[in-house]
Amino acid sequence: MDSISKEFSKVEKKQQEVADSTIDNIDKIINEIQEAQKRLETDPVSAGAILKELELKFKELTTKTLESHKELQKVIIRYEKIVDKKWKNDITIASNPEVFANKEKVLNTTVALHFIREGRFELANTFIREAQLDIPNTIQTQFHEMYQILGDIKLEKLEPAIEWARTKSKELEKRGSTLEFELHRQRYVQLLIDNRREEALVYAKKKFPLFHSRHIFDIKRLMCALAFSNRLSTSPYKDLLSPDLWIELQNKFMRDFCNLLGMSSESPLYISVTVGATALPTILKMATIMKEKKNEWSQQDELPVEVPLPDYMRYHSIFACPVSKEQSTEKNPPMMLPCGHVICHESLNKLSRGNSRFKCPYCPHESIANQALRIYF
């Protein structure tokens, strides 16, 4: 990847050089034309010579421009060769073109919602209009509000966010959110930084008792920080000045705002593309091996290999049967035996052979199939 990055940097650099030189040459051509026009007005008798001189200048500048573009083309071709050399695999072998058949509306809606979530409202409106989608205006209105408040937080203006959190206090508390307290904490620290100790104390007395039961330790630290307000940056409480707290506050606000709308904090389109790109090398390798061995993967809705993903990209609990090694599905759900061990439904049927008693594959306990209970993750 380093070689590709270096080559791409060369393409970017060359592209900028060519763009600058092209604009410069165009400006020179315009100046030459304007100069020739002035000379023609003052000396029309020499029109032939003036136009001939202009023609030569024009050819010279256009030739320079074409040469610079040829050099750029060479750099681009070299970059394409390196990319092709790095990725020899045909990624189409790991895709299924039928997956999204007759689902254009679903895809278009997903893309439109992604634009809205990213704050690209003008682009979203154009896309919605051209794709003829029916997306409620309330969604855009809500995200408009979110980005307005988020913009204020980035400017360290907390009042709109505090007011929003106050109106949503009960919903946030039900979800175990600490956003409202953290907003008040940050406002309190702002007052300390501005050397407004008395205001900070009044603010703390008014706001912090609301969060006493859940944040008593943090409140104690904040109150002790009052004694070091004139040198907070060198005190034991200097962590309260960390710029990371503002970034965390922005992320937490976005996450809680989306959660209250019943939506994930990350765009589903972004997550899907990221997971797909992460899984692609593994799937390509497996697809190549299976093609060489002339095998086909017959399981639907299940990958032939496990794809390692970070924890924040895992959204659903997955159970793999310890007997068959297959992933559970709606048609083959996990079943818990009386002894507490869990296997898939198909494995249960094979072990019980109908209604006969069978021994648990992991302990001496015996049971029958109808004693097993389905588990929901």
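**Exercise 1. The buried side of a helix**

Which residues of α5 are buried?

*Solution.* Start with the terms: helices (H or I, at least four residues) and strands (E, at least two) are DSSP runs, numbered from the N terminus. A residue is buried under 20% relative accessible area, exposed over 50% and partly exposed in between (1.4 Å probe, protein chains only). By that rule, the buried residues in α5 are Ile139, Gln140, Phe143, Met146, Ile149, Leu150 and Ile153. The spacing of such a list is worth a look: an α-helix has 3.6 residues a turn, so residues three or four places apart point the same way.

Before going on, a word on the model: it is a predicted one, in which local features need pLDDT of at least 70, side-chain atom pairs count only at pLDDT 80 or more, and totals for chains, interfaces and linings use all residues. Residues are numbered from 1 along each chain as its sequence is written, and side-chain values use heavy atoms, with hydrogens and water left out.

Now ask what covers these buried residues of α5. Contact here means heavy atoms within 4.5 Å, and the cover includes α3, α4, α6 and α11.

**Exercise 2. Checking the length of α5**

Compare the expected span of α5 with the distance between its end C-alpha atoms.

*Solution.* The expected span of a helix is 1.5 Å times one less than its number of residues. With 18 residues, α5 should therefore span 26 Å, and its end C-alpha atoms are 26 Å apart, so the two agree. Step just past the helix and you meet Glu156, with a positive phi of about 65°.

**Exercise 3. Mapping the nonpolar cores**

Find the residues that touch the most other members of the largest nonpolar core.

*Solution.* A nonpolar core is a set of buried Ala, Val, Leu, Ile, Met, Phe, Trp, Tyr and Cys residues joined through side-chain atoms within 4.5 Å. The largest one has 44 residues, and Ile116, Trp164, Leu183, Tyr188 and Phe253 touch the most other members. Two or more residues come from each of α3 (104–117), α4 (121–131), α5 (137–154), α6 (159–167), α8 (179–193), α9 (197–207), α10 (212–225) and α11 (244–260). The top contributor is α8, which gives seven residues.

Next, take Ile116 alone. Leaving out residues up to four places away in sequence, Ile116 touches Phe121, Ala124, Ile128, Ile135, Ile139, Gln140, Phe143 and Tyr147. Another core, of 13 residues, lies apart from the largest one and includes Phe319, Cys321, Ile343 and Ala369.

**Exercise 4. Two polar residues**

Is Asn25 buried or exposed?

*Solution.* First locate Asn25: helix α1 (residues 2–42) holds it. Its relative accessible area is 7%, so Asn25 is buried. Not counting residues up to four places away in sequence, Asn25 touches Leu61, Lys64 and Thr65. With Thr65 there is also a side-chain to side-chain polar contact, at 3.0 Å. Such a contact is a pair of N or O atoms within 3.5 Å; within protein, one must be able to donate a hydrogen and the other to accept it, and residues adjacent in sequence count only if both atoms are side-chain atoms.

Repeat the steps for Gln186 in helix α8. Gln186 counts as buried because its relative accessibility is 3%. Beyond four places in sequence, Gln186 touches Leu158, Leu245, Trp246 and Leu249.

**Exercise 5. Ring geometry**

How is the aromatic pair of Phe228 and Tyr237 arranged?

*Solution.* Rings of Phe, Tyr and Trp (its six-membered ring) pair if their centres lie within 6.5 Å; planes under 30 degrees apart count as stacked, over 60 as edge-to-face and the rest as tilted. The whole structure has 10 aromatic pairs. For Phe228 and Tyr237, the centres are 5.7 Å apart with 55° between the planes, a tilted pair. Phe228 counts as partly exposed because its relative accessibility is 21%, whereas Tyr237, at 14%, counts as buried. Elsewhere, ring pairs link Phe181, Tyr188, Phe208 and Phe211 into a cluster.

**Exercise 6. Positive phi in loops**

Are Asn102 and Asn195 buried or exposed?

*Solution.* Asn102 sits in the loop between α2 (47–86) and α3, and has a positive phi of about 60° although it is not a glycine. At a relative accessible area of 75%, Asn102 is exposed. Asn195 belongs to the loop between α8 and α9; its phi is also positive, near 60°. At 56% relative accessibility, Asn195 counts as exposed.
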